[in-house]
Amino acid sequence: MIRLNLAAIYHQAKSQYAYMYDRETLHLRLRTARTDVSSVTLIGGDPFSWIQVGENPPRWEWDKDSIAKKRMQLEYRTDLYDYWFVDVKPAHKRIRYGFVLESGNEKWLYGGCGFHDLKQNPQAEYETNYYFNYPFLNEEDLFQALDWVKKTIWYQIFPERFADGDPSNNPPGSLPWGSPASNEHPFYGGDLQGVIDRLDYIHDLGVNGIYFTPIFSAATNHKYDTIDYYRIDPAFGTNELFGRLVEEAHRRGIRIMLDAVFNHCGWFHPWWQDVVQKGSASQYYQCFHIKKDPVINFQVEEGKIPRLTNEERSHLNYATFAFTPLMPKWNTAHPLVKEHLFGAARYWTETYRIDGWRLDVSNEVPHAFWREFRQMIKAINPKIYILGENWDFSYPWLRGDQFDGVMNYQLSEPVWGLLAEEGNARRSLDITGYHDAINQLLTAYPKNVLPVLYNLLDSHDTARISSICGQNPQKVKLAYLLQFTFSGAPSIYYGSELGLTSPQGENRLCMPWNDLEAGQELRSFLKALILMRKSHPVFSSVDMRWLVVDADRKALLFEKRDEGSRLLLLISVNPQAVTLPLPVELQNCRLNDLFRGEEVTLPEELDLPPFAFHLWLERS
């Protein structure tokens with residue numbers, strides 16, 4: 001009788017379960033049902049290790065003496081699964097391998113041909129035809145993580161709302177800075193000069209990267225409806241002013257990442273307007289995804305943005321971003337489109353030496369387009385950061401041939417779920433649920449990919465972290481602690497360092513330059529946290545070891561290690577004071593309390609006030 005849950009066991013070669021970590025090392029993972037398997041052993045060797053075992057006639061078989069065995073470690077556990085891990089260095093950069101699973105009296109081989117009961121057929125353990133295969137560790141296939149990204153703390157700026165440095169270029173009808181909106185899509189006059197004027201403020205915070213939402217010519221305040229990919233929007237300034245901004249930022253050690261909207265363009269893009277006017281006679285007709293003629297089946301007034309009913313939106317004759325008729329979708333397979341968009345990326349990269357491209361709606365654009373994009377842009381600057389706006393699991397884009405990272409909403413959502421006030425997040429998580437979600441994330445990506453993901457708590461597309469946390473400053477601090485102690489590059493959305501909120505869903509308020517004092521306590525906390533992360537590489541290390549996951553007391557404690565130190569974070573999400581027993585291995589340990597700036601000896605238990613935290617460091 002089979003008691004193991006064979007249906008839960010999973011591995012796939014050339015995936016996040018089997019990937020090159022470096023030029024010589026292969027990382028292997030195996031998933032099994034939670035607590036179902038007591039031990040897993042990797043078995044394998046070179047696929048060409050054959051020996052002659054007979055002469056008349058000659059007979060060959062795989063050399064059993066060449067087999068290598070290595071015990072796998074239980075890496076992480078969720079509510080459903082256990083994840084096992086091992087690293088190997090194949091002598092000749094190739095390996096056939098299988099997994100020997102044991103539990104009670106059962107012993108199974110799991111390989112590319114399925115399961116084999118080793119109690120019934122012990123010789124199956126040495127049958128390499130049953131194994132998985134990693135044919136060769138080709139250096140060209142290796143994911144090359146950019147070292148500078150691992151050390152970057154990003155600051156996201158929505159330019160129209162950050163600072164108005166030049167009122168002379170404000171759009172007609174712009175409102176006084178920070179005043180209540182009088183229409184649905186107001187302008188306030190934020191521009192690039194305003195950013196230049198505030199670079200010292202950004203630098204003082206400690207961030208060393210700026211991500212700009214789109215700054216190219218467009219009709220809206222958000223600029224995701226591009227009209228001219230080669231021109232800075234006149235309300236923001238000029239191309240030359242942008243060049244000065246890059247120079248000033250680089251002089252302060254701040255890198256610049258721009259937003260590339262290549263999935264779609266704006267209503268007033270000249271190519272789309274040519275299609276609007278000429279229909280199928282336009283030379284650009286095939287540059288878009290036209291479903292049928294007439295292309296425009298609603299009322300249009302020249303030079304004006306069309307206003308459509310919901311019924312008209314649902315029956316468009318062309319593809320768009322979402323159901324937005326003002327953002328027609330590019331046919332990125334068309335040679336003219338590729339020349340146009342690649343040319344723009346080349347222009348800004350070569351001319352202004354920018355450091356990164358964030359790719360809007362990147363998961364709706366074909367993989368083939370991004371592969372070409374990567375080859376083109378990396379030929380200009382091999383160190384440029386290519387970041388995809390993917391909200392979901394994204395390993396297919398992170399195999400070394402497309403993106404360097406994605407926006408890590410798989411981290412954002414568990415943090416929101418753990419710390420949100422009721423109703424402020426899509427799902428609510430307790431301590432155990434958060435633990436499971438993070439373990440799921442840690443096993444969803446290779447260990448060399450996680451350090452270059454873009455970790456955010458909020459953005460122009462989400463509620464502000466302060467609003468998510470019910471404007472509770474202690475909970476906001478906990479959110480940033482979880483973000484900054486996770487592997488990957490943290491990002492702060494402009495103004496969130498001051499506790500800026502998003503009332504009634506408005507997450508793009510003007511930066512409150514006239515009221516900075518109100519947010520200084522949180523800003524000082526973040527400034528200290530940024531300095532700690534820069535000073536201690538262990539903050540960026542990948543693996544976590546959970547020491548306390550206490551759902552009753554609503555507290556968790558984990559450690560991270562590198563070669564020279566150990567970092568421990570303890571947080572309580574309990575609105576009540578609690579007493580937390582500490583693990584025996586920590587009792588009487590002498591650690592540096594990073595926020596209090598003193599050495600402490602840990603007791604047997606700690607009294608924790610509501611929403612408490614401790615951040616400790618131990619140097620070896």
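The legends below describe three close-up views of a predicted model.

Local features are reported at pLDDT of at least 70 and side-chain atom pairs only at pLDDT 80 or more, while totals for chains, interfaces and linings use all residues. Residues are numbered from 1 along each chain as its sequence is written, and side-chain values use heavy atoms, with hydrogens and water left out.

**View 1. Strand 22 and its two parallel partners.**
Strand 22 covers residues 489-493, and 5 of its 5 residues are buried (under 20% relative accessible area, with exposed being over 50% and partly exposed in between; 1.4 Å probe, protein chains only). Strands (E, at least two residues) and helices (H or I, at least four) are DSSP runs numbered from the N terminus. In a regular strand the side chains alternate between the two faces of the sheet. Ala489, Ser491 and Tyr493 are buried on one side of strand 22, and Pro490 and Ile492 are buried on the other. Strand 13 (residues 154-157) pairs with strand 22 in the parallel sense over 3 bridges; to pair, two strands need at least two bridges found by DSSP. Tyr155 has Ile492 of strand 22 as its bridge partner. Strand 21 (residues 454-456) also runs parallel to strand 22, joined by 3 bridges, and Asn455 stands opposite Pro490.

**View 2. An open antiparallel sheet with a helix packed on it.**
The sheet has 4 strands in the order 1-2-8-7, with antiparallel pairing. Strand 1 (18-20) and strand 7 (73-77) are at the edges with a single partner strand each, so one side of each has no neighbour in the sheet. From one strand to the next the twist averages 25 degrees (angles run from 0 to 180 degrees between N-to-C directions, and axes are lines fitted to C-alpha atoms, for helices over the stretch in contact). Strand 7 is joined to strand 8 (residues 81-88) by 4 bridges, and Leu74 has Trp84 of strand 8 as its bridge partner. Helix 10 (residues 431-442) packs on the sheet and touches strand 2 (26-33), strand 7 and strand 8, where contact means heavy atoms within 4.5 Å. The direction of helix 10 makes about 125 degrees with that of strand 7.

**View 3. The crossing of helix 7 and helix 8.**
Helix 7 (residues 335-352) and helix 8 (residues 367-380) have axes that come within 10 Å and cross at roughly 30 degrees. Helix 7 is therefore roughly parallel to helix 8 (angles under 35 degrees; over 145 is roughly antiparallel, 65 to 115 roughly perpendicular and the rest oblique). Residues making the contact include Leu341, Phe342 and Ala345 of helix 7 and Phe369, Phe373 and Met376 of helix 8.
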